[in-house]
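Work through the exercises below with the coordinates open. Try each task before reading its solution.

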Amino acid sequence: MIDVAEGSETLEACVAVLQSVFGYEAFRGPQAQIVAHVSEGGDALVLMPTGGGKSLCYQVPAIVRERAGHGVAVVVSPLIALMHDQVGALSEAGVSAAYLNSSLSLEDAQRIEQQLRRGELTLLYVAPERLLTPRCQAMLESLHAQGRLSLFAIDEAHCVSQWGHDFRPEYRELAVLPERFAGVPRIALTATADALTRADIVERLQLQDARTFISSFDRPNIRYLLVEKKDATQQLLRFIRDEHMGAQGHDAGVVYCQSRRRVEEVALVLQQAGLKALPYHAGLDAAVRQQHQDRFLREEGMIMVATIAFGMGIDKPDVRFVAHLDMPKNIEGYYQETGRAGRDGEPANAWMAYGLQDVVNQRRMIDDSPAPDEFKQVLRGKLDALLALAEASDCRRVRLLRYFGEDSAPCGNCDNCLDPPELFDATE
């Protein structure tokens, strides 16, 4: 384990990059320890909530190591939207960055490969399936042989775990990295992982010797509000009108629904109620999805009604509410989706309407899936934990944080703290 002292040369180099390239005065929370540890060649597993500044944890070491002559950093990410946004932002900041994924033409991909061979890139973002192709592996092996491969960053690392809420089989193959590219430091990052998922990440990615950095999962500016479902669409409309309408119009928000059909229905109801709302799901044409996403990011007060296909890698700081019209599958999914609210640190709401039918539907999906029984048992346990959160009469935040192994006191900023439910003695 590398312990980085205050005032070390490495830390000074990291702070210089933070200020000159990214324009921030100082690191937040554990960022300083993480960037210095990785810049000095250490492996790391980083758990940091959405909006906590995860990307700086690999971008700063990538620049520091490239300036020290270690070559290019490779960032593995499953999110085309994120690659696009981050490469754009890095390029604007004067950092040489590019991505390789399925959205590029053959000519563009070849041009980027040439830049890589010539040593002109500081960061290269790659989709996991692209990284594992023989062509890409050969290119990286050639760079490694010349000592020009500085770092692997594995973003959304929970995708490696079958217990994670977003399992992707190709992430399993990333276990080849320490075998093929010995000595190249690796940093794996995720915003959501319970103890089971964490252990799986360590084992699958061979990070037994990595240093683990866990930030608090608390997002104190988010107010959690959960209501029993009666007429969910009308309840949603009332919530937006009561909490998120102002003289200038309404706040930006995201509304999550379980099915594509429901997304279309709800978007239409909101539009008919005079709200600026757009649908987003995997069944829409790619160009329409991109157009809706761009409008959501650019325009003030836009509401996106979406399936969970929307959101990963979307960095809009002023989302004032995230609403769930159907229960997610588990607390990790709920936490990650609600975490898209209030990234600017200003007050935001996480509102959910839940009903017994949601639980029945989720149960049926688990029971009908072809997964082994042991796996189904874990999924049922995760669903029960979310149901317990929804039906709780005590502080929501205490329960949410306890799920991630973090102790806390009642928050005073959730529905149960602000307006305690009336309890009666059911034995009488």
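The exercises that follow deal with a predicted model and go from enclosed space to salt bridges, a helix and single residues.

**Exercise 1. The enclosed space**

Task: Find which residues line the largest cavity, and sort the lining by class.

Solution.
- Step 1. Start with the principle. Rolling a probe the size of a water molecule over the atoms shows where empty space is left.
- Step 2. Count the hits. The structure holds one cavity of 30 Å³ or more.
- Step 3. Take the volume. For the largest cavity it is about 40 Å³.
- Step 4. List the lining. It is made of Val-254, Phe-296, Phe-310, Gly-311, Ile-314, Lys-316, Val-319 and Arg-340.
- Step 5. Sort by class. Five residues of this lining are nonpolar, one is polar and two are charged.

**Exercise 2. A lining residue with a charged partner**

Task: Lys-316 takes part in a salt bridge; state which residue is the partner, and whether Lys-316 is buried or exposed.

Solution.
- Step 1. Find the partner. The side chain of Lys-316 meets that of Asp-318, at 3.4 Å from N to O.
- Step 2. Check Lys-316. Its relative accessible area is 5%, so Lys-316 is buried.
- Step 3. Check Asp-318. At 27% relative accessible area, Asp-318 is partly exposed.
- Step 4. Link back. Lys-316 also belongs to the lining of the largest cavity.

**Exercise 3. Salt bridges across the structure**

Task: State how many salt bridges a search of the whole structure finds, then examine the pairs of Glu-265 and Arg-399.

Solution.
- Step 1. Take the total. The search finds 21 salt bridges.
- Step 2. Examine Glu-265. Its salt bridge is with Arg-262, and the closest N and O atoms are 3.8 Å apart.
- Step 3. Test against the cut-off. A salt bridge needs the nitrogen within 4 Å of the carboxyl oxygen.
- Step 4. Explain the pairing geometry. Glu-265 and Arg-262 are three residues apart in helix α11 (residues 260–272), so about one helical turn separates them.
- Step 5. Add exposure. Glu-265 is partly exposed, at 36% relative accessible area.
- Step 6. Examine Arg-399. Its side chain meets that of Asp-394 at 2.7 Å, N to O. Arg-399 is partly exposed at 30%, and Asp-394 is partly exposed at 31%.
- Step 7. Look for shared partners. Asp-194, Glu-332 and Lys-382 are joined into one network by salt bridges that share partners.

**Exercise 4. The two sides of α9**

Task: Show which residues of helix α9 (residues 195–204) are buried, and what covers them.

Solution.
- Step 1. Pick out the buried residues. In α9 these are Thr-197, Arg-198, Asp-200 and Ile-201.
- Step 2. Use the arc. They span only 165 degrees around the axis, so they sit on the same side of α9.
- Step 3. Turn the helix. Ala-195 and Glu-203 are exposed on the other side of α9.
- Step 4. Identify the cover. It includes β1 (44–47), β6 (186–190), β7 (211–214), α13 (331–338) and α15 (373–391).

**Exercise 5. Positive phi**

Task: Locate Gln-206 and Glu-156, and state what phi each one has.

Solution.
- Step 1. Recall the background. Most residues other than glycine have a negative phi.
- Step 2. Read Gln-206. Its phi is positive, near 55 degrees. Gln-206 lies in the loop between α9 and β7. Its relative accessible area is 33%, so Gln-206 is partly exposed.
- Step 3. Read Glu-156. Its phi is positive too, near 50 degrees. Glu-156 is in the loop between β5 (149–154) and α8 (176–180). At 8% relative accessible area, Glu-156 is buried.

**Exercise 6. The surroundings of Leu-383**

Task: Place Leu-383 and list which residues it contacts beyond its neighbours within four places in sequence.

Solution.
- Step 1. Place the residue. Leu-383 is in helix α15.
- Step 2. Check burial. Its relative accessible area is 1%, so Leu-383 is buried.
- Step 3. List the contacts. Beyond the neighbours within four places, Leu-383 contacts Met-327, Pro-328, Lys-329, Val-359, Gln-362, Arg-363 and Ile-366.
- Step 4. Take one pair. Leu-383 and Arg-363 are 20 residues apart along the chain, and their C-alpha atoms are separated by 8.1 Å.

**Exercise 7. An open pocket**

Task: Describe what lines the second largest pocket.

Solution.
- Step 1. Take the volume. The second largest pocket has about 940 Å³.
- Step 2. Go to the centre. Of its 33 lining residues, the closest to the centre are Gly-53, Ser-55, Gln-86, Asp-315 and Arg-343.
- Step 3. Assign elements. Two or more lining residues come from each of α1 (9–22), α3 (56–67) and α4 (80–92). The most come from α4, with five residues.
- Step 4. Sort by class. The lining has 14 nonpolar, 11 polar and eight charged residues.

Definitions and conventions
Residues are numbered from 1 along each chain as its sequence is written. This is a predicted model: local features need pLDDT of at least 70, side-chain atom pairs count only at pLDDT 80 or more; totals for chains, interfaces and linings use all residues. Side-chain values use heavy atoms; hydrogens and water are left out. On a 1 Å grid over the protein atoms alone, a cavity is a set of points where a 1.4 Å probe fits but cannot get out, and a pocket is an open set with protein on both sides within 12 Å along at least five of seven lines; lining residues have an atom within 4 Å of a point. Grid points are joined across faces, edges and corners, and a volume is the space filled by probe spheres set on the points. Ala, Val, Leu, Ile, Met, Phe, Trp, Tyr, Cys and Pro count as nonpolar, Asp, Glu, Lys and Arg as charged, and the others, Gly among them, as polar. Buried means under 20% relative accessible area, exposed over 50%, partly exposed in between (1.4 Å probe, protein chains only). The arc is that of the directions from the helix axis to the C-beta atoms. Contact means heavy atoms within 4.5 Å.
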